[in-house]
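Please walk through this structure, starting from one residue and moving out to the helices and the chain as a whole.

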Amino acid sequence: FLKITCQRIFFLPSRKMLPSISVNSPMQGNGALNSRDAARHTAGAKRYKYLRRLFRFRQMDFEFAAWQMLYLFTSPQRVYRNFHYRKQTKDQWARDDPAFLVLLSIWLCVSTIGFGFVLDMGFFETIKLLLWVVFIDCVGVGLLISTLMWFISNKYLVKRQSRDYDVEWGYAFDVHLNAFYPLLVILHFIQLFFINHVILTDTFIGYFVGNTLWLVAVGYYIYVTFLGYSALPFLKNTVILLYPFAPLVLLYGLSLALGWNFTHTLCSFYKYRVK
């Protein structure tokens, strides 16, 4: 009797199969996210989470943001390796921690105040200069460049076999911030020590030093931008982002031949704007 019963248990077909995926699993049978988890990965949800953390300083990792700022000068490739890690762990390329933006804003304010002091501006003129640099030079130009690069990269640089992937606008903005920080330090901090006594003097050495700093700063912006988009595995022909180096070097040589001082032009423009 026991032998017959065991045979029935092991050979009787099951009437109900166990589900291959649990009800609470975030993945569906085809590997896609379920509706609740997909909602958390929308652009709107990511933007809301980022803006919400913007006012919670205790949740920001300022130490890691400072590490990124240091390596943007010494080894920017390491910064973009971290973006790869974020994609693997949090399913997004863009930063989810606004600590870098906060530190960049502090750098921008301090360097701009120093710029106003060197140019012998008054209190209200310095405040006007600060507002101009923050909302026009950084935010306004940043939004314009980020949107333009986001459109170009998605329209022309995505590989044909990778059409299901796209460049996040937030990542494009992060690339701009990464490239803008070295430019800010070179032009709004290092240059301050040479403006009055070297750069603004009507000599060849003056506009040679000033224009060389501009060449290094803008060249670094181009290079860090190139690294940002070449780090995305689904983009092609990112080397074209280095092409602006050619007109940049040409403009640099032309400025030295004509005696055109970039820094003197910038200072005159700033003084005109704050009047």
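Leaving aside its neighbours within four places in sequence, with which residues is Val-133 in contact? In this predicted model, the partners of Val-133 beyond four places in sequence are Leu-108, Thr-112, Cys-138, His-188 and Tyr-270. Val-133 itself belongs to helix H7, which covers residues 123–157. Its relative accessibility is 2%, so Val-133 counts as buried, the cut-off for that class being under 20%. For one of these partners, Thr-112, the separation is 21 residues in sequence, and the C-alpha atoms of Val-133 and Thr-112 are 7.5 Å apart in space.

A second residue can be read in the same manner. Tyr-252 is located in helix H11, the element that spans residues 245–258 and has the highest confidence in the chain, at a mean of 97. Is Tyr-252 buried or exposed? Tyr-252 has a relative accessibility of 15% and therefore counts as buried. Apart from neighbours within four places in sequence, Tyr-252 contacts Phe-208, Asn-211, Thr-212 and Leu-215. Between Tyr-252 and Phe-208 there are 9.3 Å from C-alpha to C-alpha, with a sequence separation of 44 residues.

Next come the helix pairs. The packing of two helices is described by the angle between their axes and the distance between those axes. Helix H8 (residues 169–188) and helix H10 (residues 204–230) cross at roughly 160°, and their axes come within 9 Å. Why are H8 and H10 called roughly antiparallel? Angles over 145 degrees fall in that class, and H8 and H10 are therefore roughly antiparallel to each other. The crossing of H8 past H10 is right-handed. On the H8 side the contact involves Tyr-171, Ala-172, Val-175, His-176, Asn-178, Ala-179, Phe-180, Pro-182, Leu-183, Ile-186 and Leu-187. On the H10 side the residues include Leu-213, Trp-214, Val-216, Ala-217, Tyr-220, Tyr-221, Val-224 and Tyr-229.

H8 also packs against helix H5 (residues 76–90), at an angle of about 160° and with the axes 12 Å apart. H5 and H8 are therefore roughly antiparallel to each other as well. H5 passes H8 in a right-handed crossing. Here Val-79, Tyr-80 and Phe-83 of H5 meet Tyr-171, Asp-174, Val-175 and Asn-178 of H8. Tyr-171, Val-175 and Asn-178 of H8 thus appear in the contact with H5 and in the contact with H10.

These helices sit within a chain whose secondary structure consists of twelve helices and zero strands. Every element in the order from the N terminus on is accordingly α. Of the contacts in the chain with a separation of 6 or more, 72% are between residues 24 or more positions apart. Buried residues amount to 40% of the 275 residues. The accessible surface of the chain is about 17,200 Å², and carbon and sulfur atoms account for 67% of that area.

Confidence remains to be considered. The mean pLDDT of the chain is 83, and 80% of the residues score at least 70. Which helix has the lowest confidence? That is helix H1, residues 2–11, with a mean of 43. Over residues 1–40 the pLDDT stays under 50, and the model has 20 contacts beyond four places in sequence for that stretch.

Terms used
Residues numbered from 1 in each chain as written. Predicted model: local features only at pLDDT ≥ 70, side-chain atom pairs only at ≥ 80, totals over all residues. Heavy atoms only, no water. Helix = DSSP H or I, 4+ residues; strand = E, 2+ residues; numbered from the N terminus. Buried < 20%, exposed > 50% of the residue type's maximum accessible area, 1.4 Å probe, protein only. Contact = heavy atoms within 4.5 Å. Areas by Shrake-Rupley, 256 points an atom, 1.4 Å probe, with all protein chains shown as cover. pLDDT = per-residue confidence, 0-100. Axes fitted to C-alpha atoms, helices over the stretch in contact; angles between N-to-C directions. Parallel < 35°, antiparallel > 145°, perpendicular 65-115°, else oblique. Left-handed = near helix turned anticlockwise from the far one by under 90°.
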